[in-house]
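Me: I would like a close look at a single part of this protein, set in the context of the chain around it. Please give one connected account.

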Amino acid sequence: MTFLPDSAVRPGRLAVGVVLPSPAVRREQKLPLTEAARHAELAGLDLVAYGDRPAAGAPALDTAVVLAAVAAATERITVVSALYRPGLRPPVQAAEQIASLQQVADGRLVLGVGADGGRERWAAAGVPYAERERRTDAALRLLPRLLAGERVPLPYGPGYPVVEPESAVPMPPVWIGGTSRAAVRRAALLGDGWFPSLASAAQVAEGAVHLAELSAALGRPAPAVIVGTSGVLGTEPGLPTGADLATDLATAHGVPPERLAGVPVTGGVREAAERLHRYCGAGVTRVLLDIAGGDWRRQVELLADVRDLLR
C-alpha cells in the first residue's frame, strides 16, 4: 500500500494516526518502537509518526534510522516523520536518506518538515541558527529535483559541485510543521500539507484560510491540513485530565495554560471523536495523537475505536 491520499478520506471525515511512544514509555512499558508501530497498524490506524524526543541522559535516536525500522516492520500504514530537518544536512545526504526511506517504506513515507529544533541542534551540525529558514527552503526546492535524478548545481556558495543522483524515486509528500506565519507561507509555497500541532480548531481554521489565500496567489492548490495533538482516552481512575495535560503542555512550551485549554483530547471514545471532529470544519483531513498517559497499547486500541467513528 502506498501513501494514503486525500481522495481516500471522505469529506467531513478524518484519517487517524498516532505518534510513537516516548523513550520513557518505551522503557517503562517494555515497548520497542517496531512493536508499537505494528500494534498501531494491526489496530487499524491510518498513520504512525516518529518525532525525535531525546530523553534526559539518553542518546537521541536518528530519525531516518527509526523510520526505516518502522517502515520495514509494517506493511500498509503511512509512516510520517515529525519533524525531519533537511536544512541540517547537506542536500545530497538528505536526498539519499529520503530516497532510501521511500524505497524501504514502499511509497508510504510522508516527510514532515521543520525549521527549528533549538539553537544547540543547529550549532552541533555546524549550521548558523540564523540560516535555518533559508537552508530549509533551499533544501525543499532541491529535494524533488535530486530525487528525480536531475543534474543539480548546489546553491549554498561558490565551489559547490554539480551533483547527479544515481537513481530516481518519487518525492514523498511534504508536510510543513509549525503554526507561525512563516510555516504557513512555506506550506503554501513548497508543501503538500500544513502540519500545525497543539492548536485549537479555531486557530487551525484561521491558519487554513490564510494558507488558501497564499496558495491561490501563488497559483498552487491549497495543501492538505493535518493536525498534531495530545491526549489520553478512557475514563478509568488515575488518567490525567484535560486540565492536567494543558498545564503540562503549557509548562513544556512556555505558554500560559489557558492558551492550550481545550486542546488535549480526553474522555471516552465518543467524546474524543466529537472533539476531533471539530477539526473537520477547519478543513483538516488527518490527525495524529501523541498519547500522554495510560497503557500505550490500550490507548492505541481506543484510538482505533475513535477512528472508526470518524471514518
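The part in question is helix H10, and the reply below begins there before turning to other parts of the chain. Which residues of helix H10 are buried, and what covers them?

Reply: The model is a predicted one, and the values that follow are computed from it. Helix H10 spans residues 269–277, and its buried residues are Ala-272, Ala-273, Arg-275 and Leu-276. These four lie on the same side of H10, because the arc that they cover around the axis is only 160 degrees. The face turned away from this buried side carries Arg-270 and Glu-274, both of which are exposed. The cover over the buried residues of H10 includes three strands, S9 (224–233), S10 (265–267) and S11 (284–291), together with helix H11 (296–310).

Helix H4 offers a second view of packing in this chain. H4 runs over residues 91–104 and has 14 residues. From its first C-alpha to its last it reaches 20 Å, close to the 20 Å expected at 1.5 Å a residue. Its buried residues are Pro-91, Ala-94, Ala-95, Gln-97, Ile-98, Ala-99, Leu-101 and Gln-102. They pack against two helices, H3 (63–73) and H6 (132–147), and against two strands, S3 (78–84) and S4 (109–113). After H4 comes Asp-106, with a positive phi near 55 degrees.

Specific side-chain arrangements involving rings also deserve attention. The charged end of Arg-89 is placed over the ring of Tyr-84, at 4.3 Å from the centre of that ring. With ring centres required to lie within 6.5 Å, the count of aromatic pairs comes to one. This pair consists of Trp-175 and Phe-195, which meet edge-to-face at 5.9 Å centre to centre, with 75 degrees between the planes. It links distant parts of the chain, since Trp-175 belongs to strand S7 (residues 174–177) and Phe-195 to strand S8 (residues 193–195), 20 residues apart. Trp-175 counts as buried because its relative accessibility is 1%, and Phe-195 likewise counts as buried because its value is 5%; the limit for a buried residue is under 20%.

The chain as a whole supplies the setting for these parts. It contains 11 helices and 11 strands. Of its 311 residues, 50% count as buried. Among contacts with a separation of 6 or more, 70% are between residues 24 or more positions apart. The chain exposes about 14000 Å², of which carbon and sulfur atoms supply 54%.

Key:
Residues numbered from 1 in each chain as written. Predicted model: local features only at pLDDT ≥ 70, side-chain atom pairs only at ≥ 80, totals over all residues. Heavy atoms only, no water. Phe/Tyr/Trp six-rings, centres within 6.5 Å; stacked < 30°, edge-to-face > 60°. Buried < 20%, exposed > 50% of the residue type's maximum accessible area, 1.4 Å probe, protein only. Lys NZ or Arg CZ within 6 Å of the ring centre and 35° of its normal. Contact = heavy atoms within 4.5 Å. Areas by Shrake-Rupley, 256 points an atom, 1.4 Å probe, with all protein chains shown as cover. Arc of directions from axis to C-beta. Expected span 1.5 Å × (residues − 1).
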